[in-house]
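User: Hi! Could you walk me through this model, one question at a time?

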Amino acid sequence: MPRIDAIRSWLRESIALRSPPFANWILFGSSLKNSFSNDVDVMLVSAEWDVREICCQLKSEFRQRFGLPLHLQLFHISQSADIKAFIERAKLIDEAI
């Protein structure tokens, strides 16, 4: 498993380059603690409803770079109650982001 710092850096740069941009993102899940994780989980918050193509590109580029699947949990910025509930349910949240 690549170092989590390298993953954070790549995500920060790659997500920032997307258009339309994402409002926020949070790294979560077992990859934060387990160096033997089989995937990486990221929550994305978007101001746009249709970001499927962008997400497919991110997943493909991530797999090419790190050799791991990227699992995305998508929310629209208007879904604040759902976002809050998801964060409360998630076991491991990256507080650094």
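Analyst: Happy to. Let me begin with a definition: axes are lines fitted to C-alpha atoms, for helices over the stretch in contact, and angles run from 0 to 180 degrees between N-to-C directions. This is a predicted model, in which local features need pLDDT of at least 70, side-chain atom pairs count only at pLDDT 80 or more, and totals for chains, interfaces and linings use all residues. Residues are numbered from 1 along each chain as its sequence is written, and side-chain values use heavy atoms, with hydrogens and water left out.

User: In what order do the elements of the protein chain run from the N terminus on?

Analyst: Helices (H or I, at least four residues) and strands (E, at least two) are DSSP runs, numbered from the N terminus. The protein chain has three helices and three strands. Their order from the N terminus is α-β-β-α-β-α.

User: At what angle do helix α1 and helix α2 pack?

Analyst: Helix α1 covers residues 4–16 and helix α2 residues 52–66, and their axes are 12 Å apart. On the α1 side the contact (heavy atoms within 4.5 Å) is made by Ala6, Ile7, Trp10, Ser14 and Ile15, and on the α2 side by Leu58, Glu61, Phe62, Arg65 and Phe66. The packing angle is about 145°.

User: Which residues have the most contacts inside the largest nonpolar core?

Analyst: A nonpolar core is a set of buried Ala, Val, Leu, Ile, Met, Phe, Trp, Tyr and Cys residues joined through side-chain atoms within 4.5 Å; buried means under 20% relative accessible area, exposed over 50%, partly exposed in between (1.4 Å probe, protein chains only). The largest such core has 19 residues, and α1, β1, β2 (40–46) and α2 each supply at least two of them. Those with the most contacts inside this core are Leu11, Phe22, Val40, Val42, Leu44 and Phe62.

User: Which residues does Phe62 touch, not counting those up to four places away in sequence?

Analyst: Phe62 belongs to the α2 side of the contact with α1. Leaving out residues up to four places away in sequence, Phe62 touches Ile7, Trp10, Val40, Gly67, Leu68, Pro69 and Leu70.

User: Why does Met43 count as buried?

Analyst: Met43 lies in strand β2 and is among the eight residues of another core, apart from the largest one. Beyond four places in sequence, Met43 touches residues including Trp25, Phe28, Phe75 and Phe86. Met43 counts as buried because its relative accessibility is 2%.

User: How far apart in space are Leu27 and Asp94, C-alpha to C-alpha?

Analyst: Leu27 lies in strand β1 (residues 22–28) and counts as buried because its relative accessibility is 0%. Leu27 and Asp94 are 67 residues apart in sequence. In space, their C-alpha atoms are separated by 5.4 Å.

User: Which peptide bond is cis, with omega near 0°?

Analyst: Look at the loop between α1 and β1, where Pro20 has its place. The cis peptide bond runs from Ser19 to Pro20.

User: What share of the protein chain is buried?

Analyst: The protein chain has 97 residues. Of these, the buried ones make up 39%.
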